[in-house]
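Me: Could you take a close look at one part of this model for me, the main sheet and whatever packs against it? I'd like one connected account, with the surroundings included where they help.

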Amino acid sequence: MNIFENKQYKDDLSFVSKLNLPWEKLQNKSILLSGATGLIGSFFIDTIMYKNREEQLHCKIYAIGRNKSRAIERFSYCADSELFEFIEHDVNMPMSELNIGHIDYVLHLASNTHPLQYSTDPIGTITANIIGTQNMLEFSVDHTAKRFVFASSNEIYGENRGDVELFDEEYCGYINSNTLRAGYPESKRSGEALCQAYKKQKDLDVVIARFTRSYGPTMLLTDTKAVSQFIKKAIAGEDIILKSEGTQYYSYTYVSDAVSGLLTILLKGENGEAYNIADEASDIMLKDLAAILANIARKKVIFQLPDEVEKAGYSTATKARLDGRKLKTLGWSARYTIETGMERNIEILKQIM
(Lines give C-alpha, C1' and ligand atoms only; values in the text may rest on other atoms or scores of the structure.)
Protein backbone atom coordinates (compact mmCIF):
# COMPACT_ATOMS: atom_id res chain seq x y z
CA MET A 1 0.00 0.00 0.00
CA ASN A 2 1.24 3.50 -0.86
CA ILE A 3 1.14 5.89 2.06
CA PHE A 4 -1.26 8.31 0.38
CA GLU A 5 -3.80 5.46 0.10
CA ASN A 6 -3.81 4.88 3.86
CA LYS A 7 -7.03 6.01 5.55
CA GLN A 8 -5.39 7.36 8.72
CA TYR A 9 -2.71 9.17 6.75
CA LYS A 10 -5.39 10.80 4.59
CA ASP A 11 -7.18 11.80 7.78
CA ASP A 12 -4.01 13.58 8.92
CA LEU A 13 -3.80 15.37 5.56
CA SER A 14 -7.46 16.33 5.75
CA PHE A 15 -7.07 17.67 9.29
CA VAL A 16 -4.13 19.91 8.38
CA SER A 17 -5.79 21.08 5.15
CA LYS A 18 -8.84 22.26 7.10
CA LEU A 19 -6.97 24.28 9.70
CA ASN A 20 -8.03 27.89 10.18
CA LEU A 21 -5.21 29.45 8.17
CA PRO A 22 -5.17 32.16 5.47
CA TRP A 23 -5.05 29.58 2.68
CA GLU A 24 -6.09 32.27 0.19
CA LYS A 25 -2.44 33.35 0.17
CA LEU A 26 -1.66 30.10 -1.68
CA GLN A 27 -4.63 30.25 -4.07
CA ASN A 28 -3.34 30.08 -7.67
CA LYS A 29 0.22 30.51 -6.39
CA SER A 30 3.45 28.50 -6.76
CA ILE A 31 5.84 26.96 -4.25
CA LEU A 32 9.43 25.80 -4.77
CA LEU A 33 10.49 23.31 -2.10
CA SER A 34 13.79 21.51 -1.50
CA GLY A 35 14.00 18.23 0.42
CA ALA A 36 10.88 16.97 -1.33
CA THR A 37 11.17 13.31 -0.32
CA GLY A 38 12.14 13.97 3.29
CA LEU A 39 9.92 13.45 6.32
CA ILE A 40 8.67 17.05 6.44
CA GLY A 41 8.81 17.88 2.74
CA SER A 42 6.81 14.88 1.56
CA PHE A 43 4.00 15.48 4.07
CA PHE A 44 3.92 19.17 3.14
CA ILE A 45 3.58 18.30 -0.55
CA ASP A 46 0.89 15.71 0.18
CA THR A 47 -1.06 18.32 2.15
CA ILE A 48 -0.98 20.91 -0.65
CA MET A 49 -1.85 18.31 -3.30
CA TYR A 50 -4.71 17.06 -1.11
CA LYS A 51 -6.06 20.60 -0.81
CA ASN A 52 -5.61 21.09 -4.55
CA ARG A 53 -7.74 18.02 -5.19
CA GLU A 54 -10.38 18.53 -2.51
CA GLU A 55 -10.73 22.31 -2.44
CA GLN A 56 -9.28 23.52 -5.76
CA LEU A 57 -6.48 25.50 -4.15
CA HIS A 58 -4.63 25.38 -7.49
CA CYS A 59 -1.22 25.85 -5.87
CA LYS A 60 1.62 24.48 -8.00
CA ILE A 61 4.47 22.62 -6.33
CA TYR A 62 7.99 22.55 -7.78
CA ALA A 63 9.70 19.81 -5.78
CA ILE A 64 13.50 19.70 -5.70
CA GLY A 65 15.44 16.55 -4.82
CA ARG A 66 18.57 14.61 -5.77
CA ASN A 67 16.94 11.19 -6.24
CA LYS A 68 14.59 11.19 -9.21
CA SER A 69 13.62 7.51 -8.96
CA ARG A 70 12.69 7.89 -5.29
CA ALA A 71 10.60 10.97 -6.08
CA ILE A 72 8.81 9.28 -9.00
CA GLU A 73 7.88 6.38 -6.73
CA ARG A 74 6.91 8.57 -3.77
CA PHE A 75 4.78 10.99 -5.78
CA SER A 76 3.38 8.60 -8.35
CA TYR A 77 -0.11 9.87 -7.59
CA CYS A 78 0.97 13.29 -8.92
CA ALA A 79 2.19 11.96 -12.27
CA ASP A 80 -0.72 13.35 -14.27
CA SER A 81 -1.14 16.57 -12.31
CA GLU A 82 -0.22 19.91 -13.85
CA LEU A 83 0.19 21.20 -10.31
CA PHE A 84 3.25 19.09 -9.48
CA GLU A 85 6.68 19.09 -11.07
CA PHE A 86 9.77 17.31 -9.78
CA ILE A 87 13.17 18.85 -10.50
CA GLU A 88 16.27 16.74 -10.05
CA HIS A 89 18.85 19.09 -8.58
CA ASP A 90 21.45 19.36 -5.81
CA VAL A 91 20.88 22.60 -3.89
CA ASN A 92 24.63 22.93 -3.42
CA MET A 93 24.83 23.69 -7.14
CA PRO A 94 23.75 27.05 -8.62
CA MET A 95 20.09 27.28 -9.53
CA SER A 96 20.38 29.93 -12.24
CA GLU A 97 20.06 27.35 -15.04
CA LEU A 98 16.82 25.85 -13.75
CA ASN A 99 14.00 26.53 -16.17
CA ILE A 100 11.44 27.80 -13.68
CA GLY A 101 9.23 30.83 -14.11
CA HIS A 102 7.72 32.98 -11.39
CA ILE A 103 7.71 31.49 -7.88
CA ASP A 104 5.66 32.92 -5.01
CA TYR A 105 7.09 31.00 -2.04
CA VAL A 106 10.39 29.18 -1.48
CA LEU A 107 10.95 26.61 1.28
CA HIS A 108 14.41 25.24 1.98
CA LEU A 109 13.94 21.91 3.77
CA ALA A 110 16.85 19.91 2.33
CA SER A 111 19.47 18.88 4.87
CA ASN A 112 21.28 15.92 6.35
CA THR A 113 19.23 15.23 9.45
CA HIS A 114 20.50 12.15 11.25
CA PRO A 115 23.65 10.96 13.06
CA LEU A 116 25.09 8.60 10.45
CA GLN A 117 24.99 11.39 7.86
CA TYR A 118 26.64 13.82 10.27
CA SER A 119 29.53 11.44 10.90
CA THR A 120 30.01 10.03 7.38
CA ASP A 121 29.15 13.10 5.29
CA PRO A 122 30.12 16.10 7.42
CA ILE A 123 30.96 18.23 4.37
CA GLY A 124 27.57 17.58 2.77
CA THR A 125 25.91 18.33 6.10
CA ILE A 126 27.50 21.77 6.30
CA THR A 127 27.23 22.76 2.65
CA ALA A 128 23.49 22.01 2.34
CA ASN A 129 22.84 24.34 5.28
CA ILE A 130 25.11 27.15 4.08
CA ILE A 131 25.83 26.96 0.33
CA GLY A 132 22.47 25.33 -0.36
CA THR A 133 20.71 27.97 1.70
CA GLN A 134 22.46 30.79 -0.16
CA ASN A 135 21.55 29.26 -3.52
CA MET A 136 17.90 29.05 -2.47
CA LEU A 137 18.00 32.61 -1.13
CA GLU A 138 19.52 33.90 -4.37
CA PHE A 139 16.83 32.09 -6.33
CA SER A 140 14.18 33.74 -4.15
CA VAL A 141 15.59 37.20 -4.82
CA ASP A 142 15.95 36.58 -8.56
CA HIS A 143 12.34 35.36 -8.78
CA THR A 144 10.94 38.07 -6.47
CA ALA A 145 9.43 35.49 -4.13
CA LYS A 146 6.89 36.74 -1.61
CA ARG A 147 8.52 34.77 1.22
CA PHE A 148 11.45 32.46 1.96
CA VAL A 149 11.17 29.80 4.68
CA PHE A 150 14.27 28.21 6.21
CA ALA A 151 13.89 24.92 8.06
CA SER A 152 16.12 25.19 11.10
CA SER A 153 16.46 22.93 14.11
CA ASN A 154 16.38 22.59 17.88
CA GLU A 155 20.10 21.85 17.48
CA ILE A 156 20.91 25.56 17.07
CA TYR A 157 20.37 26.02 20.81
CA GLY A 158 23.36 23.84 21.67
CA GLU A 159 23.70 22.37 25.14
CA ASN A 160 21.55 23.60 27.99
CA ARG A 161 23.67 25.75 30.31
CA GLY A 162 21.48 24.71 33.22
CA ASP A 163 19.83 28.11 33.51
CA VAL A 164 16.48 27.36 31.84
CA GLU A 165 14.03 24.50 31.49
CA LEU A 166 12.72 25.42 28.04
CA PHE A 167 14.57 27.06 25.14
CA ASP A 168 12.76 30.11 23.82
CA GLU A 169 13.76 31.68 20.50
CA GLU A 170 16.32 33.99 22.15
CA TYR A 171 18.26 31.26 23.99
CA CYS A 172 21.80 30.40 22.95
CA GLY A 173 23.50 27.47 24.63
CA TYR A 174 26.98 26.02 24.36
CA ILE A 175 28.40 24.37 21.22
CA ASN A 176 32.01 23.21 20.95
CA SER A 177 32.57 24.22 17.32
CA ASN A 178 35.89 22.35 17.09
CA THR A 179 34.24 18.94 16.70
CA LEU A 180 32.89 16.86 13.84
CA ARG A 181 29.40 16.83 15.36
CA ALA A 182 29.26 20.64 15.43
CA GLY A 183 28.87 20.76 11.66
CA TYR A 184 25.09 20.41 11.80
CA PRO A 185 24.13 22.93 14.50
CA GLU A 186 26.75 25.48 13.49
CA SER A 187 25.72 25.36 9.82
CA LYS A 188 22.05 25.72 10.79
CA ARG A 189 23.04 28.80 12.80
CA SER A 190 24.90 30.13 9.76
CA GLY A 191 21.87 29.41 7.58
CA GLU A 192 19.72 31.50 9.90
CA ALA A 193 22.28 34.31 9.81
CA LEU A 194 22.24 34.21 6.00
CA CYS A 195 18.47 34.61 6.06
CA GLN A 196 18.83 37.75 8.17
CA ALA A 197 21.53 39.06 5.83
CA TYR A 198 19.26 38.65 2.80
CA LYS A 199 16.39 40.28 4.67
CA LYS A 200 18.55 43.34 5.34
CA GLN A 201 20.59 43.59 2.16
CA LYS A 202 18.17 42.21 -0.46
CA ASP A 203 14.88 43.14 1.25
CA LEU A 204 13.76 39.51 1.13
CA ASP A 205 10.88 38.43 3.37
CA VAL A 206 12.19 35.51 5.47
CA VAL A 207 10.84 33.36 8.29
CA ILE A 208 12.55 30.54 10.18
CA ALA A 209 10.92 27.33 11.39
CA ARG A 210 12.83 25.59 14.18
CA PHE A 211 11.81 21.95 14.23
CA THR A 212 12.19 19.56 17.14
CA ARG A 213 13.05 15.88 16.69
CA SER A 214 10.28 15.02 14.24
CA TYR A 215 8.84 11.61 13.45
CA GLY A 216 6.01 10.13 11.43
CA PRO A 217 5.06 7.65 8.71
CA THR A 218 6.93 9.73 6.08
CA MET A 219 10.25 8.90 7.77
CA LEU A 220 13.00 7.44 5.61
CA LEU A 221 14.04 3.90 6.49
CA THR A 222 17.69 5.01 6.29
CA ASP A 223 17.23 7.46 9.15
CA THR A 224 19.56 6.66 12.07
CA LYS A 225 18.10 8.97 14.74
CA ALA A 226 17.34 7.13 17.97
CA VAL A 227 13.59 7.69 17.66
CA SER A 228 13.63 6.31 14.10
CA GLN A 229 15.54 3.23 15.21
CA PHE A 230 13.05 2.68 18.04
CA ILE A 231 10.14 2.95 15.62
CA LYS A 232 11.65 0.47 13.16
CA LYS A 233 12.23 -2.02 15.96
CA ALA A 234 8.66 -1.62 17.22
CA ILE A 235 7.22 -2.20 13.74
CA ALA A 236 9.35 -5.32 13.35
CA GLY A 237 8.16 -6.59 16.75
CA GLU A 238 11.68 -6.55 18.16
CA ASP A 239 13.16 -5.36 21.45
CA ILE A 240 13.97 -1.65 21.55
CA ILE A 241 17.74 -1.00 21.60
CA LEU A 242 18.77 1.97 23.75
CA LYS A 243 22.40 3.00 23.24
CA SER A 244 22.72 5.25 26.31
CA GLU A 245 21.26 5.55 29.81
CA GLY A 246 18.30 7.28 28.19
CA THR A 247 18.20 10.35 30.44
CA GLN A 248 18.27 12.76 27.46
CA TYR A 249 15.19 14.98 27.75
CA TYR A 250 13.98 16.21 24.37
CA SER A 251 11.01 17.70 22.53
CA TYR A 252 9.43 15.64 19.73
CA THR A 253 6.80 16.43 17.10
CA TYR A 254 4.56 14.19 15.02
CA VAL A 255 4.89 15.05 11.33
CA SER A 256 1.38 16.43 10.82
CA ASP A 257 1.89 18.81 13.77
CA ALA A 258 5.31 19.78 12.41
CA VAL A 259 3.81 20.62 9.01
CA SER A 260 0.83 22.46 10.50
CA GLY A 261 3.43 24.54 12.37
CA LEU A 262 5.39 25.08 9.17
CA LEU A 263 2.25 26.23 7.34
CA THR A 264 1.38 28.56 10.22
CA ILE A 265 4.83 30.14 10.00
CA LEU A 266 4.65 30.37 6.21
CA LEU A 267 1.21 32.00 6.18
CA LYS A 268 1.13 33.96 9.45
CA GLY A 269 4.70 34.42 10.69
CA GLU A 270 6.28 37.86 10.92
CA ASN A 271 9.09 38.77 8.54
CA GLY A 272 12.50 38.03 10.08
CA GLU A 273 11.17 35.99 12.99
CA ALA A 274 12.08 32.45 14.11
CA TYR A 275 9.52 30.12 15.66
CA ASN A 276 9.88 26.91 17.67
CA ILE A 277 7.46 24.18 16.56
CA ALA A 278 7.03 22.40 19.90
CA ASP A 279 4.45 21.35 22.47
CA GLU A 280 5.23 20.25 26.03
CA ALA A 281 2.89 17.26 25.74
CA SER A 282 5.53 15.70 23.49
CA ASP A 283 8.54 16.33 25.75
CA ILE A 284 9.95 13.07 27.07
CA MET A 285 13.12 11.34 28.27
CA LEU A 286 14.64 8.92 25.79
CA LYS A 287 14.28 5.93 28.13
CA ASP A 288 10.57 6.70 28.59
CA LEU A 289 10.11 7.01 24.83
CA ALA A 290 11.80 3.64 24.40
CA ALA A 291 9.43 2.20 27.01
CA ILE A 292 6.37 3.55 25.17
CA LEU A 293 7.45 1.90 21.93
CA ALA A 294 8.44 -1.32 23.67
CA ASN A 295 4.97 -1.42 25.21
CA ILE A 296 3.33 -0.88 21.81
CA ALA A 297 5.43 -3.71 20.37
CA ARG A 298 4.94 -5.83 23.52
CA LYS A 299 8.70 -6.18 23.81
CA LYS A 300 11.37 -4.89 26.21
CA VAL A 301 14.11 -2.26 26.21
CA ILE A 302 17.70 -3.49 25.75
CA PHE A 303 20.65 -1.27 26.69
CA GLN A 304 23.59 -1.44 24.26
CA LEU A 305 26.74 0.64 23.72
CA PRO A 306 27.00 2.46 20.33
CA ASP A 307 29.88 1.80 17.94
CA GLU A 308 32.38 4.59 17.19
CA VAL A 309 30.73 5.71 13.92
CA GLU A 310 27.34 6.00 15.58
CA LYS A 311 28.78 7.76 18.62
CA ALA A 312 30.50 10.38 16.46
CA GLY A 313 27.14 11.51 15.11
CA TYR A 314 25.26 11.67 18.40
CA SER A 315 24.28 14.95 20.03
CA THR A 316 25.96 15.68 23.36
CA ALA A 317 22.96 17.71 24.54
CA THR A 318 21.23 16.03 27.48
CA LYS A 319 18.28 18.42 27.75
CA ALA A 320 16.77 20.17 24.73
CA ARG A 321 13.17 21.13 25.37
CA LEU A 322 11.72 23.92 23.26
CA ASP A 323 9.31 26.64 24.31
CA GLY A 324 6.47 26.72 21.75
CA ARG A 325 4.53 29.70 23.15
CA LYS A 326 5.57 32.13 20.40
CA LEU A 327 4.11 29.97 17.63
CA LYS A 328 0.97 29.38 19.69
CA THR A 329 0.31 33.14 19.64
CA LEU A 330 -0.23 32.70 15.89
CA GLY A 331 -2.97 30.14 16.61
CA TRP A 332 -0.98 26.91 16.26
CA SER A 333 -1.63 23.94 18.52
CA ALA A 334 -0.50 20.32 18.40
CA ARG A 335 -3.04 17.59 17.70
CA TYR A 336 -0.95 14.72 19.10
CA THR A 337 0.87 14.00 22.34
CA ILE A 338 3.97 11.81 22.27
CA GLU A 339 1.86 8.77 23.19
CA THR A 340 -0.94 9.32 20.67
CA GLY A 341 1.52 10.37 17.97
CA MET A 342 3.63 7.24 18.39
CA GLU A 343 0.57 5.00 18.37
CA ARG A 344 -0.69 6.68 15.20
CA ASN A 345 2.70 6.42 13.55
CA ILE A 346 3.13 2.72 14.30
CA GLU A 347 -0.41 1.90 13.11
CA ILE A 348 0.13 3.64 9.76
CA LEU A 349 3.58 2.19 9.16
CA LYS A 350 2.45 -1.34 9.95
CA GLN A 351 -0.29 -1.03 7.36
CA ILE A 352 1.84 0.43 4.56
CA MET A 353 4.97 -1.70 5.14
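Reply: Happy to: here is a walk through the sheet, its helices, and then the strands and side-chain links around them.

Please keep in mind that this is a predicted model. The sheet is an open one built from 7 strands in the order 3-2-1-4-5-6-10, and the pairing is parallel. At its edges stand strand 3 (84–88) and strand 10 (274–277); each has a single partner strand, so one side of each is left without a neighbour in the sheet. On average, neighbouring strands here are turned by 20° against each other, with direction ignored.

Let's step inside the sheet. Strand 4 (residues 105–108) and strand 5 (residues 147–153) run parallel and are joined by 4 bridges. If you want a residue pair to find that register, Val106 has Phe148 in strand 5 as its bridge partner. Helix 5 packs on the sheet and touches strand 1 (30–34), strand 4, strand 5 and strand 6 (206–211), with its direction at about 175° to that of strand 4.

Helix 5 spans residues 122–142 and includes Thr125. This threonine is buried, with a relative accessible area of 1%. The Thr125 side chain reaches the backbone oxygen of Asp121 at 2.9 Å. Setting aside neighbours within four places in sequence, Thr125 is in contact with Asn112, Gln117, Tyr118, Gly183, Tyr184 and Ser187.

Another helix to look at is helix 6 (residues 183–202), which lies across strand 5 and strand 6 and runs at about 160° to strand 5. A salt bridge joins the side chains of Arg210 and Glu192 at 2.7 Å, N to O. Since Arg210 lies in strand 6 and Glu192 in helix 6, the pair ties together parts that are 18 residues apart in sequence. Both Arg210 and Glu192 are buried.

At the strand 10 end, Glu273 and Lys326 meet through their side chains in a salt bridge of 2.5 Å, N to O. Glu273 sits in the loop between helix 8 (255–268) and strand 10, while Lys326 belongs to helix 11 (residues 325–328), so this pair links parts 53 residues apart in sequence. Glu273 is partly exposed, at 28% relative accessible area, and Lys326 is also partly exposed, at 23%.

Now for a second set of paired strands, with strand 9 as the thread. In strand 9 (residues 249–254), 5 of the 6 residues are buried, so this strand is largely enclosed by the rest of the structure. Strand 7 (residues 213–215) pairs with strand 9 in the parallel sense over 3 bridges, and Arg213 has Tyr252 as its bridge partner. Strand 11 (residues 283–285) runs antiparallel to strand 9, again with 3 bridges; there Ser251 stands opposite Asp283. Strand 13 (residues 319–320) runs parallel to strand 9 with 2 bridges, and Lys319 is the bridge partner of Tyr249. Two of these partner residues return in the side-chain picture: Asp283 and Lys319 belong to a network of salt bridges together with Glu165, Glu280 and Arg321.

Finally, a word on the whole model: the count comes to 21 salt bridges, whereas a search for disulfides finds 0.

Key:
Residues numbered from 1 in each chain as written. Predicted model: local features only at pLDDT ≥ 70, side-chain atom pairs only at ≥ 80, totals over all residues. Heavy atoms only, no water. Buried < 20%, exposed > 50% of the residue type's maximum accessible area, 1.4 Å probe, protein only. Pairing = 2+ DSSP bridges. Polar contact = N/O pair within 3.5 Å; in protein donor to acceptor, adjacent residues only side chain to side chain. Contact = heavy atoms within 4.5 Å. Axes fitted to C-alpha atoms, helices over the stretch in contact; angles between N-to-C directions. Disulfide = S-S within 2.5 Å. Salt bridge = Lys/Arg side-chain N within 4 Å of Asp/Glu carboxyl O.
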